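Dear colleague,

I am handing over the structure below, and I would be grateful if you could look through it alongside the notes that follow.

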Amino acid sequence: MFTDKMMMSPWDRWYSTSCCLCCHVRTGTIILGVWYMLINAVVLLILLTALSDPEKYHLTSAELANDLDVMDDANMCIASAISLLMILICGMATYGAYKLRAAWIIPFFCYQIFDFSLNTLVAVSIVVYPNTIQDYLQQLPDNFPYKEEVTGLSNICLVLIVLLFIGCIIGFKAYLIACVWNCYRYVSGRGGSGILLYITTNDTTVLLPPYDDSVSIPCKQAPLSYISAEATA
């Protein structure tokens, strides 16, 4: 038994069909996909509202205290397209987990890997260039809450706080990636159970049904008990 555990691959060793201590990975993937769809739908609604009334939601460079106008129409259109694409990807993952279609989960899994990589690069950039935190704080508006208190902290303290916060986010995202990956493996395994098997002998070929179908087929006649078999004999 110990030898079998040592021969298992790392993917099989960390494979589990449960997540969040109580949910199945398939249920967790469906909930995660619906949650991401709701978030991106709200973002898309806000962006479309801002595009419909640009004078009300337009932020100038003076209000942002920098030289860039980040809320122009072009950037908002790009953000709207990204939100719409994310709704499509999350909908595909939800449908794939619900209908047991493993290929539909792959785009959402790739997005999770991309998002995890971006957060990791942010953490690495903070370690390599710690002064960027102070530069970012200086660009905030003067009426930003607790700006003076935060800028008064030492550079090392700010780096540790930001790294701790980003580390928690990265760990949580890694757990969600593992849940979606386990759901993909579970759905792939369920899809593989429906493959028909052929057993060929010298003169005959037998087609075996899938395992789930063979288990669900009721017996036509119950076998004789031991007592009744003795009485018959």
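Y184 has a relative accessible area of 24%, which lies between the cut-offs of 20% and 50%, so Y184 counts as partly exposed. Please keep in mind here, and in everything below, that this is a predicted model. W181, with a relative accessible area of 24%, is likewise partly exposed. These two residues both belong to helix α10, which covers residues 155–192, and they sit 3 residues apart, or about one turn of the helix. Their ring centres are 5.4 Å apart and their planes meet at 25°, so the pair of W181 and Y184 is a stacked one, given that planes under 30 degrees apart count as stacked.

That pair belongs to a wider set of rings, and a search of the whole structure gives 6 aromatic pairs. Another of them joins Y36 and Y111 in an edge-to-face arrangement, with 6.0 Å from centre to centre and 80° between the planes. This pair links distant parts of the chain, since Y36 is in helix α3 (residues 25–52) and Y111 is in helix α7 (residues 106–128), 75 residues apart. Y36 counts as buried because its relative accessibility is 15%, under the cut-off of 20%, whereas Y111, at 23% relative accessibility, counts as partly exposed. Together with F108, the residues Y36 and Y111 form one aromatic cluster.

Helix α7 deserves a paragraph of its own. It has 23 residues and spans 33 Å from its first C-alpha to its last, close to the 33 Å expected at 1.5 Å a residue. Its buried residues are F108, Q112, D115, N119, A123 and I126. For Q112, which is found in helix α7, the relative accessible area is 6%, and Q112 is therefore buried. Leaving aside residues up to four places away in sequence, Q112 touches L32, L176, I177 and V180.

D115 takes us back to helix α10, as the side chains of D115 and K173 meet in a salt bridge with 2.6 Å from N to O. D115 lies in helix α7 and K173 in helix α10, so this salt bridge ties together parts that are 58 residues apart in sequence. Both D115 and K173 are buried, and the count for the structure comes to 1 salt bridge.

On the surface, V34, W35, L38, I39 and V43 make a nonpolar patch of about 440 Å². One of these residues, L38, has its place in helix α3, the helix that also holds Y36 of the edge-to-face pair.

For the protein as a whole, I can add a few totals. There are 12 helices and 4 strands, and buried residues make up 21% of the 233 residues. Of the contacts with a separation of 6 or more, 62% are between residues 24 or more positions apart. The accessible surface comes to about 16800 Å², and 69% of that surface belongs to carbon and sulfur atoms.

With kind regards

Methods: Residues numbered from 1 in each chain as written. Predicted model: local features only at pLDDT ≥ 70, side-chain atom pairs only at ≥ 80, totals over all residues. Heavy atoms only, no water. Phe/Tyr/Trp six-rings, centres within 6.5 Å; stacked < 30°, edge-to-face > 60°. Buried < 20%, exposed > 50% of the residue type's maximum accessible area, 1.4 Å probe, protein only. Salt bridge = Lys/Arg side-chain N within 4 Å of Asp/Glu carboxyl O. Contact = heavy atoms within 4.5 Å. Patch = residues over 30% accessible without salt bridge, like charges linked within 9 Å, V, L, I, M, F, W, Y side chains within 5 Å. Areas by Shrake-Rupley, 256 points an atom, 1.4 Å probe, with all protein chains shown as cover. Expected span 1.5 Å × (residues − 1).
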